[in-house]
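Work through the exercises below with the sequence and the 3D structure in view. Try each task before reading its solution.

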Amino acid sequence: MKGKGMHDFKSHFRQFFKKSVTKDGEKFTSSTYKVFKYSAEFRYNIEVNENMLSEVTNRFRLIKPNVRAITYLQQALYTEQLGVKATKVQDVQKPARYLSDEAHAFLDKLVDTDNRGVDNESDFEDE
């Protein structure tokens, strides 16, 4: 997923996960299997089976062989506030008088894509 104002999580996780997952020459393709099992006992592995009636028959390791643990980014997905369409901002503002002060604090920060930087706070006052 590419987009303006987004951190590149894909590049970060690429260092940990395999691009193509195989085991003993068998390629993992999710459309082939009917049963999927994940457990904490076999972290970063997925157990699969093609048959719904039997137990899991194959285990694929999803991360690269030299990886022992995965580090997670501690930053937000977006680097800047995303805009909301003006009609959506108006839809949200209509029932705003019934909402808490905390909700107003969030709604005051909404920016419509047509009028970036418009102060929406005045639209929340009681009628």
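**Exercise 1. Confidence**

Over which residues does pLDDT stay under 50, and how many contacts beyond four places in sequence does the model have for them?

Solution. This is a predicted model, in which local features need pLDDT of at least 70 and side-chain atom pairs count only at pLDDT 80 or more, while totals for chains, interfaces and linings use all residues. Residues are numbered from 1 along each chain as its sequence is written, and side-chain values use heavy atoms, with hydrogens and water left out.

Step 1. Start with the term: pLDDT is the predictor's confidence in each residue, from 0 to 100. Contact means heavy atoms within 4.5 Å.

Step 2. The stretch is residues 117–127, and the model has 16 contacts beyond four places in sequence for it.

Step 3. For the protein chain, the mean pLDDT is 77, and 82% of the residues reach 70 or more.

**Exercise 2. Elements and surface**

State the order of helices and strands in the protein chain, then describe its surface.

Solution.

Step 1. Helices (H or I, at least four residues) and strands (E, at least two) are DSSP runs, numbered from the N terminus. The protein chain has three helices and five strands.

Step 2. Read from the N terminus, the order is α-β-β-β-β-β-α-α.

Step 3. Accessible areas come from the Shrake-Rupley method with a 1.4 Å probe, and for residues only the protein chains shown count as cover. The protein chain has an accessible surface of about 9800 Å², and 51% of this belongs to carbon and sulfur atoms.

Step 4. Buried means under 20% relative accessible area, exposed over 50%, and partly exposed in between (1.4 Å probe, protein chains only). Of the 127 residues in the protein chain, 24% are buried.

Step 5. Among contacts between residues at least 6 apart in sequence, 54% join residues at least 24 apart.

**Exercise 3. A charged network**

Which residues do salt bridges with shared partners join into one network?

Solution.

Step 1. A salt bridge is a side-chain nitrogen of Lys or Arg within 4 Å of a carboxyl oxygen of Asp or Glu. Side chains of opposite charge can pair when their charged atoms come close.

Step 2. The whole structure holds two salt bridges. In one of them, Glu 47 pairs with Lys 37, with the closest N and O atoms 4.0 Å apart. Glu 47 lies in strand β4 and Lys 37 in strand β3, so this pair ties together parts that are ten residues apart in sequence.

Step 3. Arg 59 also forms a salt bridge with Glu 47, and here the closest N and O atoms are 2.8 Å apart. Because Arg 59 lies in strand β5 and Glu 47 in strand β4, the pair ties together parts that are twelve residues apart in sequence.

Step 4. The shared partners join Lys 37, Glu 47 and Arg 59 into one network.

Step 5. Check the accessibility of each member. Glu 47 is buried at 9%, Lys 37 is partly exposed at 41%, and Arg 59 is partly exposed at 30%.

**Exercise 4. The surroundings of Asn 45**

Is Asn 45 buried or exposed, and which residues does Asn 45 touch?

Solution.

Step 1. Asn 45 is placed in strand β4, residues 45–49.

Step 2. Its relative accessibility is 12%, so Asn 45 counts as buried.

Step 3. Leaving out residues up to four places away in sequence, Asn 45 touches Tyr 38, Arg 59, Phe 60, Arg 61 and Leu 62.

Step 4. The side chain of Asn 45 also reaches the backbone oxygen of Arg 43 at 2.9 Å.

**Exercise 5. Positive phi**

What is the phi of Asp 24, and what is the phi of Tyr 44?

Solution.

Step 1. Asp 24 has a positive phi of about 50°, although it is not a glycine. Asp 24 sits in the loop between β1 (22–23) and β2 (26–27), and at 77% relative accessibility Asp 24 is exposed.

Step 2. Tyr 44, also not a glycine, has a positive phi of about 65°. Tyr 44 sits in the loop between β3 (35–37) and β4, and with a relative accessible area of 13% Tyr 44 is buried.

Notes: Polar contact = N/O pair within 3.5 Å; in protein donor to acceptor, adjacent residues only side chain to side chain.
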